[in-house]
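Please open the structure in a viewer and keep a selection panel at hand. The tour below proceeds stop by stop, naming what to select and what is found there.

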Amino acid sequence: LFRSILDGLDGKIARARGETTVFGAVFDIAADRIIEITLWIILAELGMVSVWIAIIFVARGVLVDGLRKPSSDQGKLPFSIMCSGLGKFLVASRTMRFASGLTKLVTFAWLFFLIPATEIWPNFFMINYIWINFISMIMIYTTVAVFLARGIPVIIETIGQQVSTPS
């Protein structure tokens with residue numbers, strides 16, 4: 001929660017002071033990726049999520065950030081490369097960026113809460129295992145769906161731009 005607040009605050013301060021840069025935007029995304037991928041890998045190692053969940057986050061992150069690289073080399077901000085209305089909404093809008101961050105925050109908080117909670121209240125978790133597992137799966141798959149929904153437009157639009165621009 002603290003990291004998420006600081007992550008949002010640093011961008012807000014940079015924009016308010018007119019100190020936004022392509023490097024800052026790219027570095028912010030890279031830092032976010034390192035943290036979230038690390039958390040998914042830890043959760044996979046602990047058996048809290050399937051390894052394929054971590055693989056999806058790694059693969060999508062590498063692919064999308066790699067596709068954004070040529071644009072950032074030209075001085076374009078990562079979210080500014082979207083052309084379609086739907087792409088702009090899913091990828092660049094504050095609404096979807098907030099929704100994405102919130103789903104990850106809630107999912108990570110829930111899953112990491114479960115680790116000590118199952119030891120502290122074992123009877124409660126044994127009795128309610130089905131519901132707790134159901135809630136966990138809904139959170140995980142919602143987070144995956146939002147993450148993919150924000151990555152797929154980058155892939156489609158980048159490929160579309162490459163096909164429509166002859167070499």
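A surface patch, as the word is used at the first stop, is made of residues with over 30% relative accessible area and no salt bridge, and nonpolar side chains are joined into one patch within 5 Å. The model on display is predicted.

**Stop 1: the nonpolar patch**

Select Val51, Trp52, Ile55 and Tyr141, and show the surface. These four residues make a nonpolar patch of about 420 Å². Colour helix α3, residues 51–73, and the main contributor appears: this helix gives three residues, the largest share of the patch. Then centre the view on Val51, which is part of helix α3. Is Val51 buried or exposed? Its relative accessibility is 56%, and Val51 therefore counts as exposed.

**Stop 2: the chain as a whole**

Return to a cartoon view of the full chain. It contains seven helices and zero strands, so that the order of elements from the N terminus reads α-α-α-α-α-α-α. Colouring by accessibility adds a second view: 31% of the 167 residues of the chain count as buried.

**Stop 3: the second largest pocket**

Next, select Gly47, Met48, Leu111, Leu114, Ile115, Thr118, Phe125, Tyr129, Ile132, Asn133, Ser136 and Met137, which line the second largest pocket. The volume of this pocket is about 260 Å³. Which helices each supply at least two residues of the lining? They are α5 (94–120) and α7 (129–164), and α7 provides the largest share, five residues. Colour the lining by residue class to see eight nonpolar and four polar residues, with no charged residue among them.

Keep Ser136 selected. This residue of the lining is located in helix α7, and its relative accessibility of 5% places Ser136 in the buried class. Now add Met48, another residue of the lining, and draw a distance between the two C-alpha atoms. Ser136 and Met48 are separated by 88 residues in sequence, yet their C-alpha atoms are 9.1 Å apart in space.

**Stop 4: the salt bridges**

Side chains of opposite charge can pair when their charged atoms come close. How many salt bridges does a search of the whole structure find? The search finds four. Select Arg33, Glu36, Asp65, Arg68 and Lys104 with side chains shown, since these residues are linked in a network of salt bridges, a salt bridge being a side-chain nitrogen of Lys or Arg within 4 Å of a carboxyl oxygen of Asp or Glu.

Begin with Arg33 and Glu36. Their closest N and O atoms are 3.7 Å apart in a salt bridge. Both residues belong to helix α2 (residues 22–45), where a spacing of three residues puts them about one turn of the helix apart. Arg33 and Glu36 are both buried.

Stay on Glu36 and add Lys104. A salt bridge joins these two side chains as well, at 2.6 Å from N to O. Because Glu36 lies in helix α2 and Lys104 in helix α5, the pair ties together parts that are 68 residues apart in sequence. Lys104 is buried, as is Glu36.

Move on to Asp65 and Arg68, which form a salt bridge with 3.6 Å between the closest N and O atoms. Both are in helix α3, three residues apart, and therefore about one helical turn separates them. Their accessibilities can be read one after the other: Asp65 has a relative accessible area of 25% and is partly exposed, whereas Arg68 has 7% and is buried.

**Stop 5: two contacts distant in sequence**

Select Ser84, which is placed in the loop between α3 and α4 (85–92). With 32% relative accessibility, Ser84 counts as partly exposed. Add Glu157 and display the C-alpha distance: Ser84 and Glu157 are 73 residues apart in sequence and 8.0 Å apart in space.

Finish with Ile156, a residue of helix α7. Ile156 has a relative accessible area of 55% and is exposed. Which spacing separates Ile156 and Gly87 in sequence, and which in space? The two are 69 residues apart along the chain, while 9.2 Å lies between their C-alpha atoms.

Key
Residues are numbered from 1 along each chain as its sequence is written. This is a predicted model: local features need pLDDT of at least 70, side-chain atom pairs count only at pLDDT 80 or more; totals for chains, interfaces and linings use all residues. Side-chain values use heavy atoms; hydrogens and water are left out. Patches are made of residues with over 30% relative accessible area and no salt bridge: like charges are joined within 9 Å, nonpolar side chains (Val, Leu, Ile, Met, Phe, Trp, Tyr) within 5 Å. Accessible areas come from the Shrake-Rupley method with a 1.4 Å probe; for residues, only the protein chains shown count as cover. Helices (H or I, at least four residues) and strands (E, at least two) are DSSP runs, numbered from the N terminus. Buried means under 20% relative accessible area, exposed over 50%, partly exposed in between (1.4 Å probe, protein chains only). On a 1 Å grid over the protein atoms alone, a cavity is a set of points where a 1.4 Å probe fits but cannot get out, and a pocket is an open set with protein on both sides within 12 Å along at least five of seven lines; lining residues have an atom within 4 Å of a point. Grid points are joined across faces, edges and corners, and a volume is the space filled by probe spheres set on the points. Ala, Val, Leu, Ile, Met, Phe, Trp, Tyr, Cys and Pro count as nonpolar, Asp, Glu, Lys and Arg as charged, and the others, Gly among them, as polar.
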